[in-house]
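User: I have a model open and would like to go through the labels attached to it, asking each time what stands behind them.

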Amino acid sequence: MKRPENLLFALFAHRVGMLTRDQLIAICTSLRHGKDIDIGMSLSKRGLLDDRQVAAVWNLVDVQVDILGTAKKVLMSFELGELIRQAIWNAIKPQHTSNDQSSKDPPTIRFD
């Protein structure tokens, strides 16, 4: 999954009470360009969500993307608090990396 879809997944999981605000912000700050993952699978492996919850949230993401066209458009349609809005937009905007940082792994998401 691309970052906008993962961010949308995390936002929906937060909106329905599956993730806390701090967990959502931690996800936003940990996602990196060129490091596409399935955030639902990652959260399931960590024991934060079960497979049924992951499937339900991904279905919601898919439906909303089908309606509006892209995950970015869905994200832009939300009324968000300033902290969450800023975390999401910082995660979406292009990140410039120098050669010495390109080989670094993204930070681990810490939920404790």
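**Reasons behind the labels**

Analyst: To begin with the surface as a whole, the accessible surface of the chain comes to about 6900 Å², and 51% of that area belongs to carbon and sulfur atoms. Please keep in mind throughout that this is a predicted model.

User: How do you know how much confidence the predictor has in the chain, and where is that confidence lowest and highest among the helices?

Analyst: The mean pLDDT of the chain is 83, with 81% of the residues reaching 70 or more. Confidence is lowest in helix α6 (residues 82-92), at a mean of 81, and highest in helix α4 (residues 51-68), where the mean is 95. Over residues 100-105, pLDDT stays under 50, and for that stretch the model has 2 contacts beyond four places in sequence.

User: Which elements make up the chain, and in what order do they run?

Analyst: The chain has 6 helices and 0 strands, and from the N terminus on the order is α-α-α-α-α-α. Among contacts in the chain with a separation of 6 or more, 74% are accounted for by residues 24 or more positions apart. Of the 112 residues, 36% count as buried.

User: Why is serine 30 called buried?

Analyst: The relative accessible area of serine 30 is 8%, and buried means under 20%, so the label applies. Serine 30 lies in helix α2 (residues 21-30), and a polar atom of its side chain lies 3.0 Å from the backbone oxygen of isoleucine 27.

User: Why does glutamine 23 receive that label too, although its value is 13%?

Analyst: A relative accessible area of 13% is still under the 20% cut-off, and glutamine 23 therefore counts as buried. Glutamine 23 is also found in helix α2, and its C-alpha atom is 8.7 Å from that of alanine 10, with the two positions 13 residues apart in sequence numbering.

User: What makes α2 a mostly covered helix?

Analyst: In α2, 7 of the 10 residues are buried, namely Gln23, Leu24, Ile25, Ala26, Ile27, Cys28 and Ser30. The cover over these buried residues includes α1 (3-15), α3 (39-45) and α6.

User: Why is leucine 80 buried when it belongs to a loop?

Analyst: The label rests on the area, and leucine 80, at 18% relative accessible area, is under the 20% limit, so it counts as buried. Leucine 80 does lie in the loop between α5 (71-76) and α6. Leaving out residues up to four places away in sequence, leucine 80 touches Leu11, Arg15, Leu75, Arg85 and Ile88. As for leucine 11, it is 69 residues from leucine 80 along the chain, and the two C-alpha atoms are separated by 9.8 Å.

User: What makes glutamate 82 and arginine 85 a salt bridge?

Analyst: The closest N and O atoms of glutamate 82 and arginine 85 are 2.5 Å apart, and since the criterion asks for a side-chain nitrogen of Lys or Arg within 4 Å of a carboxyl oxygen of Asp or Glu, the pair qualifies. Both residues lie in helix α6, 3 residues apart, about one turn of the helix. A search of the whole structure finds 1 salt bridge. Arginine 85 is partly exposed, because its relative accessible area of 31% falls between the limits of 20% and 50%.

User: Why is aspartate 51 exposed, whereas asparagine 59 is called partly exposed?

Analyst: Exposed means over 50%, and aspartate 51, at 59% relative accessibility, therefore meets that condition. Asparagine 59, at 46%, falls between 20% and 50%, so it is partly exposed. Aspartate 51 has its place in helix α4, and asparagine 59 is found there as well. The C-alpha atoms of aspartate 51 and glycine 40, 11 residues apart along the chain, are separated by 8.4 Å, while asparagine 59 and phenylalanine 9, 50 residues apart in sequence, are 9.5 Å apart, C-alpha to C-alpha.

User: How do you know that leucine 68 may be part of a surface patch?

Analyst: A patch residue needs over 30% relative accessible area, and leucine 68, which is partly exposed at 34%, therefore passes that cut-off. Leucine 68 lies in helix α4 and forms a nonpolar patch with Val63 and Ile67, the three together having about 260 Å² of accessible area.

Notes: Residues numbered from 1 in each chain as written. Predicted model: local features only at pLDDT ≥ 70, side-chain atom pairs only at ≥ 80, totals over all residues. Heavy atoms only, no water. pLDDT = per-residue confidence, 0-100. Helix = DSSP H or I, 4+ residues; strand = E, 2+ residues; numbered from the N terminus. Contact = heavy atoms within 4.5 Å. Patch = residues over 30% accessible without salt bridge, like charges linked within 9 Å, V, L, I, M, F, W, Y side chains within 5 Å. Areas by Shrake-Rupley, 256 points an atom, 1.4 Å probe, with all protein chains shown as cover. Buried < 20%, exposed > 50% of the residue type's maximum accessible area, 1.4 Å probe, protein only. Polar contact = N/O pair within 3.5 Å; in protein donor to acceptor, adjacent residues only side chain to side chain.
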